[in-house]
Amino acid sequence: IDAISRVRSHVRRRLLADALENTSAPRLNPNHFEDFTFFVRLRQDDVVIWEGDLLHQRAAAGTPSDNGCLHLPLAEVWATIKQSGSCAELTTWLAQTGTLLEQDQAVLGRLSITLVAIRKSDEAVVSLGHFSILSWDQVFGTGNPDQSFKFNSSPHVPLFASPGHQFRADLWLGTLHGTTGGGTLDYLDLEITHSVTRETAH
């Protein structure tokens, strides 16, 4: 059995070497955000207030989102939510400017977001995470009119982990308050962070 295993291992090495030497063979092409559809589910407590497919759209130049990250516009999503009346609390909150932390917590503390990537070419599915606000010190802006909130994935479930390394995914929810039409959910931005675990650090 050991002899057979060694032969098979050697054959695999030779096949891989042959493939690398064959310059006419198709090369591995990295995926881009444009190659995927992104399924998003917004839930308030136990009620789904919206779910559907969104496409990445490059953020406007010079904006905070113009950093190469995944950017999902939410204006049409919010128009659907508002028209359906599925979340009156969000509607009231977005119509106000300069909201206090207690108001933000009362509305967004009940909100969770699930994000799944589906590759267009073959329907391959990648779970990017389930997100909620775990810390209220990750808020930028005052709601006059723009404001963004960081939704965190579970600290115990990294997006990807290997010995000594861990990649986490978090979402930024952008909002516009008190603008024409009573404010809107503006965008979702995906943020990937890499950390070196203690195993590698030592």
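Start by selecting Asp45, Glu89 and Arg110, which are linked in a network of salt bridges. Keep in mind as you go that this is a predicted model.

**Stop 1: inside the network**

Zoom in on aspartate 45 and arginine 110. These two form a salt bridge, and their closest N and O atoms are 2.7 Å apart. The pair links distant parts of the chain, 65 residues apart: aspartate 45 sits in the loop between β1 and β2, while arginine 110 sits in the loop between α4 (101-108) and β4 (111-119). Now switch on a surface. Aspartate 45 counts as partly exposed, at 40% relative accessibility, and arginine 110 is likewise partly exposed, with a relative accessible area of 31%.

**Stop 2: across two strands**

How many salt bridges does the structure hold? It holds 6. As general background, side chains of opposite charge can pair when their charged atoms come close.

For another of these pairs, select arginine 41 and glutamate 51, which form a salt bridge with the closest N and O atoms 2.6 Å apart. Arginine 41 belongs to strand β1 and glutamate 51 to strand β2, so this pair ties together parts that are 10 residues apart in sequence. Arginine 41 is partly exposed, with a relative accessible area of 27%. Glutamate 51 is partly exposed as well, at a relative accessible area of 38%.

**Stop 3: a charged pair under cover**

Next, pick arginine 168 and aspartate 170. Their side chains meet in a salt bridge, 3.2 Å from N to O. Are these two residues buried or exposed? Both arginine 168 and aspartate 170 are buried, and the cut-off for that word is under 20% relative accessible area.

**Stop 4: the two sides of helix α2**

Move on to helix α2, residues 75-84, and color it by burial. Val77, Trp78 and Ile81 are the buried residues to highlight here. Why do they fall on the same side of α2? They cover an arc of only 95 degrees around the axis, which puts them there together. Turn the helix around, and on the other side of α2 you will find Glu76 and Gln83, which are exposed.

To see what lies against the buried residues of α2, show β1 (36-44), β2 (47-54), α3 (88-95) and β10 (184-196), since these are the elements they pack against. You have already visited β1 and β2, through arginine 41 and glutamate 51. Then step past the end of the helix: α2 is followed by glycine 85, which has a positive phi, near 70 degrees.

**Stop 5: a nonpolar patch**

Which residues form a nonpolar patch on the surface? Select Leu159, Phe160 and Ile192; together they have about 260 Å² of accessible area. Within this patch, phenylalanine 160 is placed in strand β8, residues 160-162. Phenylalanine 160 is partly exposed, with a relative accessible area of 48%.

**Last stop: the whole chain**

Zoom out and switch to a cartoon view. The secondary structure of the protein chain comes to 5 helices and 10 strands. Of its 202 residues, 33% count as buried. A contact map gives another view: among contacts between residues at least 6 apart in sequence, 54% join residues at least 24 apart. Finally, bring the surface back for the entire protein chain. Its accessible surface comes to about 12400 Å², and 55% of that belongs to carbon and sulfur atoms.

Conventions:
Residues numbered from 1 in each chain as written. Predicted model: local features only at pLDDT ≥ 70, side-chain atom pairs only at ≥ 80, totals over all residues. Heavy atoms only, no water. Patch = residues over 30% accessible without salt bridge, like charges linked within 9 Å, V, L, I, M, F, W, Y side chains within 5 Å. Areas by Shrake-Rupley, 256 points an atom, 1.4 Å probe, with all protein chains shown as cover. Salt bridge = Lys/Arg side-chain N within 4 Å of Asp/Glu carboxyl O. Helix = DSSP H or I, 4+ residues; strand = E, 2+ residues; numbered from the N terminus. Buried < 20%, exposed > 50% of the residue type's maximum accessible area, 1.4 Å probe, protein only. Arc of directions from axis to C-beta. Contact = heavy atoms within 4.5 Å.
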